[in-house]
Amino acid sequence: MVKRVAIIGAGASGLTAIKCCLDEGLQPSCFERSDSIGGLWRFQEHVTEGHSSIYKSLTSNSSKELMGFSDCPIPEEYPNYMHHSKMMEYFKMYAKQFDLIKYIHFKAQVCHLRKHTDFPITGQWEIVTEINGRKESSVFDAVLLCTGLYMQPYFPLDSFLGVEKFKGEIIHSSAYKNPEKYQDQRILIIGFGNSGTEIAIDLSRSTKQVFLSTRSGAWVINRVSDGGYPFDVVHFTRFRNLLFHKLPAALINQWGENKVNMKFNHENYGVKSQHR
């Protein structure tokens, strides 16, 4: 008997999970709460509860050479670092090449996931889904959760004393879409990660002034490395990985810090990281 596998989510992981199940002779059924594939990479003008949200200018911070699926290379004419619209094109191309769409149930809300009554014997799971207002229960031999890491935003307003006295607008980066509505305003961005720095750049073109707040600093690394090649293609190799495991950590850190400081001296800008 063919094993049935439930896959929750039709983003990057969900699509590859369907493909891998088919390769192994399994019968996949994917449940996606929205009306399209893509997950995190699917841009929407408005924030939808339960759906990961991205902004209009978002571009990948991993190169296509490392992001592409091994059985479906990203087209040569696509840029090294792709805009989210290009990522969506690629996912649709992948789904079409391997005929994956027919295994996906769209607008399918997973209401319950629980062990079947005979789980100790069969190892099976029961899933209750709701599609178009109708609930349905199904039994599967295995379940793959492909819902991603960024469903719920971390918004610790309690950590900021006096926040209730602030008269301006406070939003999480997940609610940010484009810079137009912030024209001629003074903006404070809290957080020096990928989202914080890229949104700061996006806003800087139209706002009056942007401040970027960091608690412990960070190492700023360009997407483009030596010779114009993508950073991850140049540095994430088996040879360099071997070096990192053979050479002393202090030597590796010193080399890396000197390298990134050649393009952007972190101490001059007051963002030198507290960690190596």
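**Notebook: pockets, a cavity and His84**

I looked up the second largest pocket, and its volume comes to about 920 Å³. In this predicted model, 29 residues line that pocket, and those closest to its centre are Asn194, Thr197, Glu198, Val220 and Ile221.

I then asked which helices contribute to the lining of the second largest pocket, and found that α5 (194–204) and α6 (231–235) each supply at least two residues. The largest share comes from α5, with six residues. Sorting the lining of this pocket by class, I noted 15 nonpolar, nine polar and five charged residues.

Next I turned to enclosed space: searching the whole structure for cavities of 30 Å³ or more, I found one. The largest cavity holds about 40 Å³ of space. I listed its lining as Arg42, Gln44, His46, Val47, Thr48, His51, Ser52, Ser53, Ile54 and Lys177, which by class gives two nonpolar, six polar and two charged residues.

My last entry concerns His84, which I located in helix α3 (residues 84–97). Is His84 buried or exposed? I recorded His84 as buried, because its relative accessible area is 6%, and the cut-off for that term is under 20%. Leaving aside residues up to four places away in sequence, I found that His84 touches Trp41, Phe43, Ile54, Tyr55, Lys56 and Leu58; of these, I had already entered Ile54 in the lining of the largest cavity. I also noted that the side chains of His84 and His83 are joined by a polar contact of 3.4 Å.

Key. Residues numbered from 1 in each chain as written. Predicted model: local features only at pLDDT ≥ 70, side-chain atom pairs only at ≥ 80, totals over all residues. Heavy atoms only, no water. 1 Å grid on protein atoms, 1.4 Å probe; cavity = no way out; pocket = protein on both sides within 12 Å on 5 of 7 lines; lining within 4 Å. Points joined across faces, edges and corners; volume = space filled by probe spheres on them. Nonpolar A, V, L, I, M, F, W, Y, C, P; charged D, E, K, R; others polar. Helix = DSSP H or I, 4+ residues; strand = E, 2+ residues; numbered from the N terminus. Buried < 20%, exposed > 50% of the residue type's maximum accessible area, 1.4 Å probe, protein only. Polar contact = N/O pair within 3.5 Å; in protein donor to acceptor, adjacent residues only side chain to side chain. Contact = heavy atoms within 4.5 Å.
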